Amino acid sequence: MSKASDVFKHEVKEAIPPFLFFLVAFHLVALLRALLQHQYGLEAGTVMNTTIAALIVAKVVLLADLLPIVNRFPEKPLVYNIVWKTLIYQAAAIFVSYLEHLWDAYREVGSFAGAQSHLVDAVVWPHFWLVQILMLVLFLQYCTLREFSRAVGGQRMREMFLGPLPAKNH
């Protein structure tokens, strides 16, 4: 039981940074979507939907990190891994989003072929591309921060942003 508990704690600890990053970022995206609501007749997402989306993307990032091709350029300048990981995370997020929407359409229509056809007809393309561009920028920012943190070390990164930690008195 201790082994499973340790693995769970490790997974939760690994998920916190991407979750927090995407939680804030997705609330900004939700605000932008709400501003577009009237023009395209879209509904604004709820805080719960936005939070769930951040959890899903954090999990997608963790799952994508398990792929052997993710750390393809560890010895090259940071920009290589930043661009590479941004593209991988973007592709993974599009795939997961597609599967989620396909499943919802399948439950409505009853067949995967019909669900696919329904999805193509139901997509509001300007909205789709807006969200994809925003996601690409967010993944680029996330990967830049993450690779920089990896290069200089987590402790040094915290000190650079928050200042030195107070000395512990024993």
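Is arginine 107 exposed or buried, and what is its relative accessible area? Arginine 107 is exposed, with a relative accessible area of 58%. The legends below describe this residue and other parts of a predicted model.

**Figure 1. The whole chain is built from helices and has no strands.** The predicted model contains six helices and zero strands. Read along the sequence, the pattern is α-α-α-α-α-α. Taken along the principal axes, the C-alpha atoms fill a box of roughly 65 × 40 × 35 Å. The chain has 170 residues, and buried residues make up 25% of them.

**Figure 2. Arginine 107 and aspartate 104 form a salt bridge within helix α3.** Side chains of opposite charge can pair when their charged atoms come close. Here the distance from N to O is 3.7 Å. The two residues are separated by about one helical turn, because they are three residues apart in helix α3. Arginine 107 is exposed because its relative accessible area, 58%, is over the 50% cut-off. Aspartate 104, at 35% relative accessibility, counts as partly exposed. Elsewhere in the chain, salt bridges with shared partners join Lys85, Glu147 and Arg150 into one network.

**Figure 3. Lysine 85 and glutamate 147 form a salt bridge between helices α3 and α5.** The closest N and O atoms of this pair are 2.6 Å apart. Lysine 85 lies in helix α3 (residues 78–109) and glutamate 147 in helix α5, so the salt bridge ties together parts that are 62 residues apart in sequence. Are these two residues buried or exposed? Both lysine 85 and glutamate 147 are buried.

**Figure 4. Glutamate 11 and lysine 59 form a salt bridge between helices α1 and α2.** In this pair, the closest N and O atoms are 3.9 Å apart. Glutamate 11 belongs to helix α1 (residues 2–40) and lysine 59 to helix α2 (residues 47–65). The pair links distant parts of the chain, with the two positions 48 residues apart in numbering. Glutamate 11 counts as partly exposed, at 34% relative accessibility. Lysine 59 also counts as partly exposed, at 39%. How many salt bridges are counted in the model? The count comes to five.

**Figure 5. Six residues of the chain make a nonpolar surface patch.** The patch covers about 590 Å² and is made by Leu145, Phe148, Val152, Met160, Phe161 and Leu162. Which helices each supply at least two of the patch residues? They are α5 (125–152) and α6 (154–162). Leucine 145 lies in helix α5. Leucine 145 counts as partly exposed because its relative accessibility is 37%, which falls between the cut-offs of 20% and 50%.

**Figure 6. The second largest pocket is lined by 19 residues.** About 680 Å³ of space lies in this pocket. Nearest its centre are Pro17, Leu145, Arg146, Ser149 and Met157. Leu145 is thus named both among the residues of the nonpolar patch and among those nearest the centre of this pocket. Helices α1, α2, α5 and α6 each supply at least two residues of the lining. Which helix gives the most to the lining? Helix α1 does, with six residues. By type, the lining divides into eight nonpolar, four polar and seven charged residues.

Technical notes
Residues numbered from 1 in each chain as written. Predicted model: local features only at pLDDT ≥ 70, side-chain atom pairs only at ≥ 80, totals over all residues. Heavy atoms only, no water. Patch = residues over 30% accessible without salt bridge, like charges linked within 9 Å, V, L, I, M, F, W, Y side chains within 5 Å. Areas by Shrake-Rupley, 256 points an atom, 1.4 Å probe, with all protein chains shown as cover. Salt bridge = Lys/Arg side-chain N within 4 Å of Asp/Glu carboxyl O. Helix = DSSP H or I, 4+ residues; strand = E, 2+ residues; numbered from the N terminus. Buried < 20%, exposed > 50% of the residue type's maximum accessible area, 1.4 Å probe, protein only. 1 Å grid on protein atoms, 1.4 Å probe; cavity = no way out; pocket = protein on both sides within 12 Å on 5 of 7 lines; lining within 4 Å. Points joined across faces, edges and corners; volume = space filled by probe spheres on them. Nonpolar A, V, L, I, M, F, W, Y, C, P; charged D, E, K, R; others polar.
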